[in-house]
Amino acid sequence: MAAASRRTSPDPQLRERQAKLHAAFDADFPFYSAKCLHIRTKAGEILPFTLNKAQQYIHERAEQQLRDRGYIRIILLKGRQQGASTYIEGRFMWKVSRRRGVKAFILTHEQAATDNLFEMTERYHEYLPTMVKPRIGTSNAKELSFVDLNSAYKIGTAGNRGAGRSSTLQYLHGSEVAFWPHAEEHAAGLMQAIPKGADAVGTEIFLESTANGIGNYFHEQWVKAEKGESDFEAVFVPWYWDPGYRLDREITLDDEELEHAQLYGLDMQQMAWRREKIAELGKELFKQEYPVTPEEAFRAAADAAFIDGNLIARARKNRVDPFGAPLLGVDVARFGDDATTFAFREGRKVHWVKRRLKYSTMDTVGEVIQLHRQVRFKRIFVDVIGVGAGVVDRLRELGLGNIVVAVNSSERALDDKRWHNKRTEMWGELLEWLKDEPVQIPDSDSLAGDIGAVQYKFDSNGRYQLEKKEDMKKRLLRSPDEGDAVALTFAEPVPMGDGAISYEPGEEDFLMGGEYYEPEYD
């Protein structure tokens, strides 16, 4: 951190101790916050700011990104009042009060929030120890500037469309972004205020919010981040990390509560608090305001979800040994913003799901070849709707015809009395597989979000009918590529010893590399 003007003692020994203390403050925000910053607790006490579990987690993710990239881009989904804004404002005070020529800007969703966050900022400065307290130049309801540093801390409300546009910023905090009016317009202007390229080093952007349904700007950015399609990293904080969300009351858990407590490791005090909050808000609003998973926070019309979130959560936590035919599902991108996705399942375990953006047909073929060299699949299931047929044709030309299966997801289901079409049937098999515990899927928010977001209805013949990808895109702004790739591995049953190409070293064609590869799982 660049040195700022700091008050020092004429005593050489004291100056040396102060220099060491300043170095510690610069290097370690949790140390700085505990020694220099004060917060008002929910009980109204003014106490030193010691990071709680959620804040420590956010800090670790931010610092790791800073080490890896040189800058921070985080989109944060969390429950109500878990201290995210307290952490970000404290972090920005740390930066702005100890560096020259930098500016922080905070944009909130409403005036009351603006007032609260600026009051927090002023309190941070008011209680700073003398040795780290910069002189104030400007102080009003929207700005706190430090005259000796030429640094400033500004705040605005999203109702003002021009908020934050005119400045060059190093630090940006978007607060409750899901509730911003004109969110796309605000974001476009603010992002232009942050330096890019080589000048982005040291800059920090935090976009945080509780969920506010799907299809809005925040949800769109969250989905892009968790799928690796933006510069932002998706960070989620569950409600039960908050030490204050507990109630000392004797209760008896019903079957649903008992399963929930076991699944997420919640104690009786947390479950008592949860029960009371659900009675106050209703179950669906509670899930949005105090989620345990990202998919729960965003899920709309949860009763219409095809696969229950608890099944997904258990499969993410399970650890099982793979035993079964190694299968590859390939969901080939049909549209410009979709991703070609590969999923490897072996019996009760999905080892990995890989997403590839803007892949051509030949790119997809090359990836399948490389993956097959590593794993030696018994079957490779490729969705042939759209450009997938070209992938199948080329793979067959390369000698993989007896393991490549062309899957038309719109065709008639094998059990057409139960399922509307083949795609619904594959997802139905995935659902039954998840129910037949224990099974394991990767501990991935994006995969869980895909699997948990798909809805269904009954067709005119009383059969299950899965939501179309096109309708998913209207709600989620993209299709569930990862879920579809996993579902493809259920296109047909494959016995363990059935039908794999059995190469010996040296017998493979030139694309296969002439060498046997042991499996290498991510």
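Here is a short chat about reading a sheet and a helix pair in a predicted model.

Visitor: Let's start with the sheet. How many strands form it, and in what order?

Guide: The general idea goes like this: strands of a sheet pair through backbone hydrogen bonds, either parallel or antiparallel. Here, 5 strands make an open sheet, ordered 13-12-11-14-15, and the pairing is mixed.

Visitor: Which strands stand at the edges?

Guide: Strand 13 (349-357) and strand 15 (404-407) do. Each has a single partner strand, so one side of each is left without a neighbour in the sheet. As for twist, neighbouring strands of this sheet are turned by 15° against each other on average, direction ignored.

Visitor: In what sense do strand 12 and strand 13 pair?

Guide: Antiparallel: strand 12 (residues 339-346) and strand 13 share 8 bridges. To pick out one of them, look at Phe344, whose bridge partner in strand 13 is Trp352.

Visitor: And what does helix 14 lie across?

Guide: Helix 14 (residues 388-400) lies across strand 14 (379-383) and strand 15, and runs at about 165° to strand 15.

Visitor: Now the helices. What describes two packed helices?

Guide: You want the angle between their axes and the distance between the axes. Try helix 15 (residues 422-435) with helix 18 (residues 481-488): their axes come within 8 Å and cross at roughly 80°. That makes helix 15 roughly perpendicular to helix 18.

Visitor: Which residues meet there?

Guide: From helix 15, Arg423, Met426, Trp427 and Leu430; from helix 18, Gly483, Asp484, Val486, Ala487 and Leu488. Sorted by class, this contact of helix 15 with helix 18 has 6 nonpolar, 1 polar and 2 charged residues.

Notes: Residues are numbered from 1 along each chain as its sequence is written. This is a predicted model: local features need pLDDT of at least 70, side-chain atom pairs count only at pLDDT 80 or more; totals for chains, interfaces and linings use all residues. Side-chain values use heavy atoms; hydrogens and water are left out. Two strands pair if DSSP finds at least two bridges between them. Helices (H or I, at least four residues) and strands (E, at least two) are DSSP runs, numbered from the N terminus. Axes are lines fitted to C-alpha atoms, for helices over the stretch in contact, and angles run from 0 to 180 degrees between N-to-C directions. Contact means heavy atoms within 4.5 Å. Angles under 35 degrees count as roughly parallel, over 145 as roughly antiparallel, 65 to 115 as roughly perpendicular and the rest as oblique. Ala, Val, Leu, Ile, Met, Phe, Trp, Tyr, Cys and Pro count as nonpolar, Asp, Glu, Lys and Arg as charged, and the others, Gly among them, as polar.
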